[in-house]
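Biologist: Please take a close look at one part of this model for me. Start with a single residue, then move on to the aromatic rings and a helix.

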Amino acid sequence: SYFGRATCYDALEQYEKALSDSEISILLFPKCSEYWYAKASVHYNLKNVSKSIESYKNALRYNANDSECWLDYAIACYELEDFVSTKLALHHVIAIDPSNVDAYYLLGKVLTILSEYEDAVQSLFCSFQLDKSKETLFSNEFKELLFGVDATQFIVELRKLDEELVLLLQ
């Protein structure tokens, strides 16, 4: 099948061939979310983030319960600094898969950028609770993110939840 071959080309980093076979698959089965998702991934690998977003949207139109697709869509939106779309997509991921650590973490970053500190802290706290092994990685990245904003309100909200996390971020 063209889809199988497209998947192989994608894995071999032969993205132009993968894209061609993905498009043929979609022509044959235009309502198959998996084919649209594969095309989106190829566009993303080709650094065509805007085109990947359009294909992610098509995939989600045919399967709105695909948390991986929602997460990849959110990451693409984040890359284009469309933080409102990123936030909405991440809420979908969490609704479908409430144990998705990456979704909570990225949502915390986005909410910090949007100055929604109370919700950012809640999201960050959830990511820490779900995977304690990533605390150091997360705290280092958050330190960089908070460097560019007035973090006072963020720290106040964080103290309400967990003094240990405050110490990690200082």
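Modeller: Take Thr-7 first. The model is predicted. Thr-7 sits in helix α1, which covers residues 2-11. Its relative accessible area is 41%, so Thr-7 is partly exposed, falling between the 20% limit for buried and the 50% limit for exposed. Lys-17 lies ten residues from Thr-7 along the chain, and the C-alpha atoms of the two are 9.9 Å apart.

Now the rings. The whole structure holds five aromatic pairs. One of them joins Tyr-78 and Phe-83. A pair of aromatic rings is described by the distance of the centres and the angle of the planes. For Tyr-78 and Phe-83 the centres are 5.6 Å apart and the planes meet at 65°. That pair is edge-to-face, because its angle is over 60 degrees. The two partners fall into separate burial classes: Tyr-78 has 22% relative accessibility and counts as partly exposed, whereas Phe-83 has 16% and is buried. The cut-off between them is 20%, which means Phe-83 falls under it. Elsewhere, ring pairs link Phe-3, Phe-29 and Tyr-35 into a cluster.

Last, helix α8. This helix spans residues 117-130, 14 residues in total. From first C-alpha to last it reaches 20 Å, close to the 20 Å expected at 1.5 Å a residue. Its buried residues include the aromatic Tyr-117, Phe-125 and Phe-128. Ala-120, Val-121 and Leu-124 are buried too, as are Ser-123 and Ser-127.

Notes. Residues numbered from 1 in each chain as written. Predicted model: local features only at pLDDT ≥ 70, side-chain atom pairs only at ≥ 80, totals over all residues. Heavy atoms only, no water. Helix = DSSP H or I, 4+ residues; strand = E, 2+ residues; numbered from the N terminus. Buried < 20%, exposed > 50% of the residue type's maximum accessible area, 1.4 Å probe, protein only. Phe/Tyr/Trp six-rings, centres within 6.5 Å; stacked < 30°, edge-to-face > 60°. Expected span 1.5 Å × (residues − 1).
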